[in-house]
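Biologist: I have a protein chain open in front of me. Could you walk me through it?

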Amino acid sequence: MLVHDRDMEAGIHVDFVPMVDVLFNLLIFFLLATTIAQVEREMQIALPFASASGPISAAARELVINVDDKGKLFVGGREMPAADLESMVHEAVAGNPDQKVTVRGDRTTAYANIVAALDICKNAGIQEPYLDTVLSD
(Lines give C-alpha, C1' and ligand atoms only; values in the text may rest on other atoms or scores of the structure.)
Protein backbone atom coordinates (compact mmCIF):
# COMPACT_ATOMS: atom_id res chain seq x y z
CA MET A 1 0.00 0.00 0.00
CA LEU A 2 1.43 3.40 -1.04
CA VAL A 3 0.98 6.16 1.52
CA HIS A 4 1.41 9.82 0.50
CA ASP A 5 2.56 12.21 3.16
CA ARG A 6 1.07 15.66 2.58
CA ASP A 7 3.80 17.32 4.68
CA MET A 8 6.47 16.22 2.18
CA GLU A 9 4.70 17.92 -0.71
CA ALA A 10 4.23 21.11 1.31
CA GLY A 11 8.00 21.44 1.90
CA ILE A 12 10.06 24.51 1.12
CA HIS A 13 10.64 25.13 -2.57
CA VAL A 14 13.79 27.09 -3.45
CA ASP A 15 13.72 28.79 -6.82
CA PHE A 16 17.26 28.92 -8.23
CA VAL A 17 16.52 31.13 -11.25
CA PRO A 18 16.75 34.47 -9.35
CA MET A 19 19.91 33.33 -7.59
CA VAL A 20 21.52 32.41 -10.92
CA ASP A 21 20.47 35.80 -12.36
CA VAL A 22 22.13 37.62 -9.46
CA LEU A 23 25.23 35.47 -9.83
CA PHE A 24 25.54 36.28 -13.55
CA ASN A 25 25.01 40.00 -12.91
CA LEU A 26 27.78 40.02 -10.31
CA LEU A 27 30.06 38.07 -12.63
CA ILE A 28 29.49 40.52 -15.50
CA PHE A 29 30.03 43.51 -13.17
CA PHE A 30 33.38 42.24 -11.89
CA LEU A 31 34.57 41.24 -15.36
CA LEU A 32 33.82 44.71 -16.72
CA ALA A 33 35.37 46.44 -13.71
CA THR A 34 38.65 44.56 -14.06
CA THR A 35 38.96 45.06 -17.83
CA ILE A 36 38.39 48.81 -17.56
CA ALA A 37 41.07 49.10 -14.87
CA GLN A 38 43.63 47.31 -17.05
CA VAL A 39 43.43 49.61 -20.10
CA GLU A 40 46.52 51.60 -19.08
CA ARG A 41 48.54 48.45 -18.37
CA GLU A 42 47.89 46.81 -21.74
CA MET A 43 49.92 49.15 -23.90
CA GLN A 44 52.95 47.54 -25.51
CA ILE A 45 55.51 49.32 -23.33
CA ALA A 46 58.59 47.32 -22.35
CA LEU A 47 59.48 48.83 -18.97
CA PRO A 48 63.11 48.95 -17.81
CA PHE A 49 64.27 46.73 -14.96
CA ALA A 50 64.97 47.98 -11.43
CA SER A 51 65.96 46.24 -8.23
CA ALA A 52 63.44 48.13 -6.06
CA SER A 53 60.37 48.45 -8.24
CA GLY A 54 56.82 48.22 -7.02
CA PRO A 55 53.28 48.54 -8.32
CA ILE A 56 51.72 51.91 -8.89
CA SER A 57 49.44 52.99 -6.09
CA ALA A 58 45.77 52.70 -6.88
CA ALA A 59 45.06 56.41 -6.51
CA ALA A 60 41.73 57.38 -8.00
CA ARG A 61 42.97 60.45 -9.86
CA GLU A 62 46.40 59.27 -10.92
CA LEU A 63 47.48 60.29 -14.41
CA VAL A 64 49.56 57.74 -16.33
CA ILE A 65 51.72 58.96 -19.23
CA ASN A 66 53.09 56.22 -21.50
CA VAL A 67 56.13 56.86 -23.73
CA ASP A 68 56.50 54.24 -26.46
CA ASP A 69 59.73 53.13 -28.13
CA LYS A 70 59.41 55.87 -30.79
CA GLY A 71 58.98 58.63 -28.18
CA LYS A 72 55.24 59.18 -28.72
CA LEU A 73 53.21 60.17 -25.66
CA PHE A 74 50.00 58.32 -24.76
CA VAL A 75 47.40 59.03 -22.07
CA GLY A 76 44.40 56.76 -21.68
CA GLY A 77 45.41 54.74 -24.73
CA ARG A 78 45.34 57.80 -27.02
CA GLU A 79 48.35 59.48 -28.59
CA MET A 80 48.72 63.03 -27.31
CA PRO A 81 50.91 65.86 -28.59
CA ALA A 82 53.20 67.45 -26.01
CA ALA A 83 51.31 70.77 -25.99
CA ASP A 84 47.97 69.05 -25.33
CA LEU A 85 49.54 66.90 -22.63
CA GLU A 86 51.00 69.94 -20.90
CA SER A 87 47.62 71.71 -20.86
CA MET A 88 45.94 68.50 -19.57
CA VAL A 89 48.44 68.14 -16.72
CA HIS A 90 48.23 71.86 -15.93
CA GLU A 91 44.41 71.65 -15.67
CA ALA A 92 44.70 68.55 -13.48
CA VAL A 93 47.11 70.36 -11.13
CA ALA A 94 44.81 73.39 -11.02
CA GLY A 95 41.97 71.09 -9.92
CA ASN A 96 44.07 69.00 -7.52
CA PRO A 97 47.40 70.39 -6.24
CA ASP A 98 48.37 66.89 -5.02
CA GLN A 99 47.90 65.36 -8.47
CA LYS A 100 49.88 62.14 -8.97
CA VAL A 101 51.53 61.51 -12.34
CA THR A 102 53.36 58.35 -13.40
CA VAL A 103 55.57 58.19 -16.48
CA ARG A 104 55.92 54.73 -18.02
CA GLY A 105 58.74 54.84 -20.57
CA ASP A 106 59.66 51.99 -22.89
CA ARG A 107 63.13 50.66 -22.05
CA THR A 108 64.25 50.98 -25.69
CA THR A 109 63.30 54.62 -26.13
CA ALA A 110 65.85 57.39 -25.90
CA TYR A 111 66.11 58.82 -22.41
CA ALA A 112 65.47 62.27 -23.91
CA ASN A 113 61.89 61.17 -24.70
CA ILE A 114 61.26 60.28 -21.04
CA VAL A 115 62.92 63.53 -19.90
CA ALA A 116 60.59 65.43 -22.24
CA ALA A 117 57.58 63.85 -20.50
CA LEU A 118 59.07 64.61 -17.08
CA ASP A 119 59.76 68.20 -18.18
CA ILE A 120 56.12 68.60 -19.21
CA CYS A 121 55.09 67.40 -15.74
CA LYS A 122 57.48 69.79 -13.96
CA ASN A 123 56.40 72.76 -16.09
CA ALA A 124 52.75 72.00 -15.32
CA GLY A 125 53.40 71.99 -11.57
CA ILE A 126 53.90 68.32 -10.69
CA GLN A 127 56.58 68.29 -8.01
CA GLU A 128 57.25 64.54 -7.86
CA PRO A 129 56.38 62.59 -10.99
CA TYR A 130 56.86 58.84 -10.63
CA LEU A 131 58.82 56.60 -13.00
CA ASP A 132 57.37 53.10 -13.40
CA THR A 133 59.70 50.10 -13.67
CA VAL A 134 59.46 46.30 -13.43
CA LEU A 135 61.36 44.09 -11.00
CA SER A 136 64.56 42.62 -12.47
CA ASP A 137 65.23 38.92 -12.22
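Modeller: The turns below take the chain as a whole and then one of its helices. Please keep in mind that this is a predicted model.

Biologist: How many helices and strands are there in the protein chain?

Modeller: The protein chain has four helices and seven strands. Starting at the N terminus, their order is α-α-β-β-β-β-α-β-α-β-β.

Biologist: And what share of the residues is buried?

Modeller: Of the 137 residues in the protein chain, 27% are buried. The chain exposes about 9,900 Å², and 61% of that comes from carbon and sulfur atoms.

Biologist: Let us turn to α4. Where is it, and what does it span?

Modeller: Helix α4 covers residues 111–124, which is 14 residues. From first C-alpha to last it reaches 20 Å, close to the 20 Å expected at 1.5 Å a residue.

Biologist: Which residues of α4 are buried?

Modeller: The buried ones are I114, A117, L118, I120, C121 and A124. Seen down the axis of α4, they fall within an arc of 150°, so they line one face of the helix.

Biologist: Why would residues apart in sequence point the same way?

Modeller: An α-helix has 3.6 residues a turn, so residues three or four places apart point the same way.

Biologist: What covers that buried side, and what sits on the face turned away?

Modeller: The cover includes β2 (63–67), β3 (73–75), α3 (82–95), β5 (101–105) and β6 (130–131). The face turned away carries the exposed residues Y111, A112 and N123.

Biologist: Which residue comes just after α4 with a positive phi?

Modeller: That is G125, with a phi of about 110°.

Definitions and conventions. Residues numbered from 1 in each chain as written. Predicted model: local features only at pLDDT ≥ 70, side-chain atom pairs only at ≥ 80, totals over all residues. Heavy atoms only, no water. Helix = DSSP H or I, 4+ residues; strand = E, 2+ residues; numbered from the N terminus. Buried < 20%, exposed > 50% of the residue type's maximum accessible area, 1.4 Å probe, protein only. Areas by Shrake-Rupley, 256 points an atom, 1.4 Å probe, with all protein chains shown as cover. Expected span 1.5 Å × (residues − 1). Arc of directions from axis to C-beta. Contact = heavy atoms within 4.5 Å.
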